[in-house]
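Q: I have a protein model open beside its sequence, and I would like to learn how to read its features one by one. Could we go through it together?

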Amino acid sequence: MKIDLRRGGGPMPQRPQGEPTPTIQTLEQPRREQEIKNSLTPRILNWVIIGAVYLLTFLLPIFFLPNVPSVLELNKQMLLIVLGGIAFLSWIGKLAWEGRIRIKKNFLLLPVIVLLLILALGTIFSAYRDQSMWGSFGTESLSLVTIIAFVAAFLVITNNFDSKKKVSYLILVLISSSFLASLYAIFQMFGKFIFKNPALAQNSFNSVGSVYAFSAFIGAILILAVATILEKQPMAVKIALIVFSLFFVFVLIAVNFRTTLIAFLVGMAVLLGLAIITSGSEEKNRALVLPMVVLTLVLLATLIGKNGSVVKVQLPVEVSLSQSASFDVLKTMWKEKFLLGPGLSMYDLAYLKGKPSEINLTNFWTVKFNEASSRFFTLATTAGFLGAAAFIFLIGSMLVYMFSSLVKIFGRKEEGTYTLVGVTAMWIYLTILQFVCASNITLDFTWWIATAAFVVLTTLVFRKKEEIISETSSPRVSLILSFVFVAIIVGFISLIFLEGQKYAAAAAYNKALASDTQGGNLEDLVGKLGRVTGLDPSRDLYHRNLSVALFAFLNQKVSEKGISNLSENDRAEISTLYFAAEEQANAAINLNPKNSDNLVQLAQINQNVIGSKDGAEDAAIKAYRDALNYNPKDPSIYYQIGQVYLLMADMETAKAAAQQQGKQAQLPEKAKENIALARQNFEKAVGEKGNYIPAQFMVAVCLDRLGEIDQAIAKLEESKKMNPQDAGILFQLGVFYYKAEKYNQARAELEQAVKLAENYSNARYFLGLAYDKLDDKKSALEQFKKIAELNPDNEDVKKIVSNLEAGKKALDGMDVTGSAQGTQGGQNAPAVQRDQEPVPPETPIQGPDQQNQPPQENPNP
């Protein structure tokens with residue numbers, strides 16, 4: 001119903017046809033909106049929004065702390081969520097104060113929302129939701145919370161930076177921070193370490209990421225700085241920008257990362273091309289001298305520095321997956337999970353499933369790469385086809401809008417035009433790198449800043465009419481808005497709280513690792529790791545390492561007192577420690593069942609109690625085989641399965657020897673079966689890694705145990721060809737020749753082993769025996785006297801020395817049984833650097849339900 005606006009009783013004046021009659025809404029609403037905007041609360045909130053964005057932009061490139069395992073990425077994620085969350089919540093608060101939704105419509109809203117929804121859906125169906133949500137140490141940049149923070153920052157900037165001055169200040173803040181980061185990096189590169197912490201005192205460390213990632217970041221900032229110089233600036237600012245730019249050029253040339261240099265040349269070409277089109281006058285064209293000088297310097301450095309940097313600086317070579325290897329991993333994962341992939345930050349799982357076989361022949365066969373050769377390959381692998389398509393949709397939308405906007409740039413004289421050109425060139429440069437380089441939080445943040453700045457500047461420079469997505473207030477809408485605002489506020493506050501909790505857990509974990517590295521008390525280590533799992537019970541890494549520490553503590557208890565001296569309380573504590581270690585390993589598996597490290601930890605603690613716990617051998621083999629489902633090309637898992645079968649064969653042999661009571665023991669059929677199974681698994685390990693010496697060695701040991709000594713010697717001769725300087729191989733080969741009564745060959749191999757390792761007592765022992773068999777008593781006596789010096793308490797050696805001095809055979813009157821055994825190896829070391837060793841077979845490990853019950857026969861393997 002229209003409202004009568006007349007005063008008194010006169011007639012209503014007539015209005016022109018077609019003009020709407022004013023209502024209280026049309027007259028009073030703008031006035032109320034203006035009063036709300038000019039009130040103190042929105043102005044304070046606006047200052048908080050702008051200030052938080054400026055502070056975030058300044059701190060992110062330079063922020064790091066050594067108090068967590070992920071020195072750079074986790075700290076930057078924390079900073080991003082806290083400051084980005086403050087800015088976003090302040091913006092939401094401002095909207096709530098105004099009582100309506102007012103979001104500036106732009107061409108990227110739909111692609112950004114689609115990308116965020118698909119990544120959120122992928123996280124819901126992730127193989128390990130917690131890791132996809134928060135990231136693992138080092139992969140925080142591609143976690144859902146980080147991407148949410150990026151999107152929040154993008155929305156805040158596009159909706160609150162409404163003037164060229166604000167954008168200009170934002171860019172100057174970013175350039176200034178980058179200069180400080182560059183200054184610190186150069187000090188590091190030349191060995192001038194500001195911080196003495198071992199994690200920081202390395203010439204490859206900088207505040208951005210790897211040296212190559214830092215080079216990529218500085219290339220982007222250099223493009224932006226050069227464009228900013230072209231704008232009207234105070235003379236002091238312009239001089240500072242020129243100095244910064246020349247310093248950035250020096251950094252680029254010093255690092256000499258060719259991928260960055262080539263991409264930079266493309267970006268600078270875009271900048272120069274657009275700047276020339278924009279300038280339109282001879283005077284402005286003269287201002288392009290600096291960009292041309294920068295382009296020329298970098299081009300010369302690229303051409304001259306093909307074989308090394310023009311600046312003499314020693315930087316470590318960075319290793320990453322090749323594009324072809326990354327594509328192989330992508331194909332493997334898309335065959336399994338095409339639409340959504342395994343989940344964000346789950347590249348390590350995808351890599352182990354699709355690892356190219358040739359990597360096993362390199363020195364990096366134990367490395368679990370957590371990122372592909374480029375950010376696009378990483379995203380496509382972990383987020384599936386839909387994630388890759390959403391990312392391409394976002395980039396494609398930006399390129400379409402960029403082209404349609406920049407065709408109008410010819411002859412533009414508005415302030416901010418060169419800044420827009422610089423932002424465009426920087427965005428193109430960073431987008432190229434998304435497809436050819438790995439990324440991190442700083443690089444991704446810079447990309448989102450460039451994207452948001454482009455959206456704002458195109459509106460301001462081309463004076464486009466802003467479109468607002470809004471809802472006029474009404475009781476129903478107000479109720480919905482209140483609910484949405486509360487939900488968003490609670491969500492972001494929860495996000496900040498949980499991030500703080502996880503950060504506290506990471507800091508506590510870092511302290512536990514430092515204590516472990518320094519050889520601290522094991523009981524204290526267990527307590528510290530227990531507190532870590534209490535702070536963050538959803539990270540499998542913490543539970544796995546607590547399991548390692550618990551079993552190491554069990555080892556310590558057994559070795560300190562000895563089995564025969566254990567009291568009833570000691571026996572109960574040992575059982576408790578074992579089951580606690582098993583419980584923590586299972587907790588890690590429940591959280592992340594597809595992580596082969598969790599399954600291997602469960603297998604190892606069972607392997608180490610074979611003979612002490614019923615069914616341990618079956619549990620170990622099952623866990624190892626489960627691990628192979630997710631890490632099928634790891635030779636060390638096959639190797640450990642082989643070790644379990646060998647241990648089972650030893651138990652069968654010992655049982656048979658006890659039953660035959662001193663008679664010449666025959667190898668039981670069950671032991672032969674287990675040795676054959678062990679050999680099969682060792683051969684599978686060699687099949688996965690042809691140069692895997694430990695497995696080749698153990699194949700020879702199996703052949704020897706089966707009485708096939710000549711085949712064992714032939715196998716070790718193959719291993720020797722691959723690694724002729726391995727004293728262990730030479731020693732075992734000498735022992736096999738000795739057992740085959742080929743004493744001259746035994747002497748030659750053992751002499752070489754002793755030459756490589758002078759204090760190798762076992763090698764000297766068999767060398768002495770070989771000399772004795774060859775009737776070279778003098779040389780034999782020299783060897784055993786040397787062994788006696790190294791092992792002064794060994795009574796057997798003293799007896800041998802006495803025999804040789806008396807002119808007798810070395811082993812006269814001695815009962816020598818057994819044979820040399822191979823050593824274990826090849827398994828990745830856990831983060832907690834404590835050994836988990838097999839316990840003696842008589843170690844008491846029983847659960848409460850097994851107390852006072854007779855021991856059960858081990859089930860057949």
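The dialogue below moves from the whole chain to single helices, ring pairs and individual residues.

Q: Before any detail, what is the secondary structure of the protein chain, and what share of the residues is buried?

A: Please keep in mind that this is a predicted model. The secondary structure of the protein chain comes to 32 helices and two strands, and of its 861 residues 51% are buried. If one takes the contacts between residues at least 6 apart in sequence, 75% of them join residues at least 24 apart.

Q: How should I read the length of a helix, for instance that of α19?

A: One compares the distance between the end C-alpha atoms with the span expected at 1.5 Å a residue. Helix α19 covers residues 522-535, and its 14 residues should therefore span 20 Å, which agrees with the 20 Å that separate its end C-alpha atoms. Helix α7 (residues 164-189) can be read in the same manner: its 26 residues reach 37 Å from the first C-alpha to the last, close to the expected 38 Å. For helix α8 (residues 211-230), with 20 residues, the reach is 29 Å, close to the expected 28 Å.

Q: Which residues of α19 are buried, and which exposed residues lie on the face turned away from them?

A: The general idea comes from the helical repeat: an α-helix has 3.6 residues a turn, so residues three or four places apart point the same way. In α19 the buried residues are L522, L525, V526, L529, V532 and T533. Viewed down the axis of α19, these buried residues fall within an arc of 120°, so they line one face of the helix. On the face turned away from that buried side, α19 carries the exposed residues E523, R531 and G534.

Q: How many of the residues of α8 are buried?

A: Helix α8 is mostly covered, since 19 of its 20 residues are buried.

Q: What should I look for at the ends of helices such as α19 and α7?

A: At a helix start one may look for a side chain that reaches a backbone nitrogen, and after a helix one may check the phi values. At the start of α19, a side-chain oxygen of N521 comes to within 2.8 Å of the backbone nitrogen of E523. After α7 comes G191, whose phi is positive, near 80°.

Q: Where do S345 and D775 lie, given that each has a positive phi in a residue other than glycine?

A: S345, with phi near 65°, is found in the loop between α13 (323-336) and α14 (347-354). D775, with phi near 60°, has its place in the loop between α30 and α31 (777-790). Their surroundings can be read from the relative accessible area: S345 is buried at 6%, whereas D775 is exposed at 56%.

Q: What does the side chain of Q131 meet?

A: Q131 sits in helix α5 (residues 129-134) and is buried, with a relative accessible area of 7%. A polar atom of its side chain lies 2.7 Å from the backbone oxygen of S345. Residues up to four places away in sequence being left out, Q131 touches S136, L344, S345, M346, D348 and N592.

Q: How many aromatic pairs does the structure hold, and how is one of them read?

A: One reads the distance between ring centres together with the angle between the planes. The structure holds 41 aromatic pairs. Among them, Y401 and F454 form an edge-to-face pair, 6.3 Å centre to centre and with 85° between the planes. Y401 lies in helix α15 (residues 375-406) and F454 in helix α17 (residues 441-461), so the pair ties together parts that are 53 residues apart in sequence. Both Y401 and F454 are buried. Ring pairs also link residues into a cluster, which includes F150, F327, W427 and W448. As for a charged partner, R539 lies over the face of F137, at 4.3 Å from the ring centre.

Q: Where is Y760, and which residues is it in contact with?

A: Y760 is in the loop between α29 (743-756) and α30 (761-773), and it is partly exposed, with a relative accessible area of 22%. Its neighbours within four places in sequence set aside, Y760 is in contact with A727, G728 and F731. Y760 and L790 are 30 residues apart in sequence, and their C-alpha atoms are 9.3 Å apart in space.

Key
Residues are numbered from 1 along each chain as its sequence is written. This is a predicted model: local features need pLDDT of at least 70, side-chain atom pairs count only at pLDDT 80 or more; totals for chains, interfaces and linings use all residues. Side-chain values use heavy atoms; hydrogens and water are left out. Helices (H or I, at least four residues) and strands (E, at least two) are DSSP runs, numbered from the N terminus. The expected span of a helix is 1.5 Å times one less than its number of residues. Buried means under 20% relative accessible area, exposed over 50%, partly exposed in between (1.4 Å probe, protein chains only). The arc is that of the directions from the helix axis to the C-beta atoms. A polar contact is a pair of N or O atoms within 3.5 Å; within protein, one must be able to donate a hydrogen and the other to accept it, and residues adjacent in sequence count only if both atoms are side-chain atoms. Contact means heavy atoms within 4.5 Å. Rings of Phe, Tyr and Trp (its six-membered ring) pair if their centres lie within 6.5 Å; planes under 30 degrees apart count as stacked, over 60 as edge-to-face and the rest as tilted. A charge sits over a ring if NZ of Lys or CZ of Arg is within 6 Å of the ring centre and within 35 degrees of the ring normal.
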